[in-house]
Each structure stands twice: as structure tokens, then as C-alpha cells.
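User: I am new to this structure and would like to understand how its descriptive labels are earned. Could you take me through the reasoning step by step?

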Amino acid sequence: MTVLTSYHNAPDLTTEDYVVLGLATCFVKEDGEVTSVEVIEPIPSAALEALMKGIPTSYKLALGTTLGSVLHGDSWQIPAGFPENAQFSDEFEQRIFAAARTYKRRDIAKSLIPQGSTYNDFKYSTERKRILNPARVVTKDDNIKQHPNTHKIL
């Protein structure tokens, strides 16, 4: 008999709940140079269904797994088959719980990548680079030009 353990941040989820983790190629911009990084992030069911239809994506591979195989208490474990230098996405715990909930609502999505299997036949492309630390520089050219009578009482 398996004992199901729930999470204190997500009491509606257990260690046996299904989730898909993807390995994405993202980019970091530092000192004018762009460097690629491998990021492990959860893929919600709706996004997975779209990816399976062949849209270009920065995901190299995806793994169907359980929450318990990735989250051990307060620590995270890189799944087998993922590079050791890969890093977890920002807000990983919150995002993995949200993604797991989408598979509870949409059971059919679990059949796209069965638990324990890896899918790597995505339409991989980094043409549109995912920059993790974008910096928005606001200039005077960004100001909206207003009509001269906008602030006048006529």
C-alpha cells in the first residue's frame, strides 16, 4: 500500500500527481552578450497539447513524471535524462503545482507523454530567443505625442 503525501503549499496535490517537465533553451543577456542556459520548467496541459501540434518551441525534450520524483520536501532533484548543469525555472515550486493541477482537470493530456517516458520530437527552434532577464530601457521617443488641445479648456 502506497502512502500518499500532500504538500503544505498545495494540500490538494500528492507525490503521485502527474506533471510534465520540459528542458528549454533560454538566454541570459549580460554586458551586451547573450548566453544560452538550459532551464527545467513545468509544462501545463494546454501548452503541451499545443506543442504536440507542431508549433516551434524552445523545448528540447519533455518528461512525464510525478511530483514526488522531483520535489523531496523543500529540495528539488534534477530528473534523470536532464543535464546536470540545467537550472530550475523561477518560481519553480509554484509553477509545478499549477501545472500538476491542469493535468488533474485534463486526464487526456496525460496520454501524450506517459508517465516515465521522454518525448523529444518537438519542433525545436531558438529563432525567437527567450530572454530570461530582459531590460526595458525607456526613452523620450517612447512618450505618446498628445494633441496640443488635450489639456486646454476650450
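**Labels and their reasons**

Analyst: Let us begin with helix α1, whose buried residues are covered by elements that include β3, β4 (33–43), β5 (56–57), β6 (59–66) and α3. Please keep in mind that this is a predicted model.

User: Which residues of helix α1 are buried?

Analyst: In α1, which spans residues 45–52, the buried residues are Ser 45, Leu 48 and Leu 51.

User: What makes the buried residues of α1 line one face of the helix?

Analyst: Looking down the axis of α1, one finds its buried residues within an arc of 120°, and therefore they line one face of the helix. As background, an α-helix has 3.6 residues a turn, so residues three or four places apart point the same way. Just after α1 comes Gly 54, which takes a positive phi of about 100°.

User: Why is the pair of Tyr 18 and Tyr 103 called edge-to-face?

Analyst: The structure holds 6 aromatic pairs. In the pair of Tyr 18 and Tyr 103 the ring centres are 5.1 Å apart, which is within the 6.5 Å required for a pair, and the planes stand at 80°, which is over 60 degrees, so the pair is edge-to-face. Because Tyr 18 belongs to strand β3 (residues 18–30) and Tyr 103 to helix α3 (residues 92–105), the pair ties together parts that are 85 residues apart in sequence.

User: How do you know whether Tyr 18 is buried or exposed?

Analyst: Buried means under 20% relative accessible area, and Tyr 18, at 6%, therefore counts as buried. Tyr 103 has a relative accessibility of 0%, so Tyr 103 counts as buried as well.

User: What makes Tyr 119 and Phe 122 an edge-to-face pair?

Analyst: Their ring centres lie 4.9 Å apart and their planes are at 70°, which is over the 60 degrees needed, so this pair is edge-to-face. Tyr 119 and Phe 122 also form one aromatic cluster with Tyr 59. Phe 122 is buried because its relative accessible area is 8%, whereas Tyr 119, with 24%, is partly exposed.

User: Why does Asn 85 count as exposed?

Analyst: Exposed means over 50% relative accessible area, and Asn 85 reaches 63%, so Asn 85 counts as exposed. Asn 85 is found in the loop between β8 (75–76) and β9 (87–88). The C-alpha atoms of Asn 85 and Val 39 are separated by 9.1 Å, although these residues are 46 residues apart along the chain.

Notes. Residues numbered from 1 in each chain as written. Predicted model: local features only at pLDDT ≥ 70, side-chain atom pairs only at ≥ 80, totals over all residues. Heavy atoms only, no water. Helix = DSSP H or I, 4+ residues; strand = E, 2+ residues; numbered from the N terminus. Buried < 20%, exposed > 50% of the residue type's maximum accessible area, 1.4 Å probe, protein only. Phe/Tyr/Trp six-rings, centres within 6.5 Å; stacked < 30°, edge-to-face > 60°. Arc of directions from axis to C-beta. Contact = heavy atoms within 4.5 Å.
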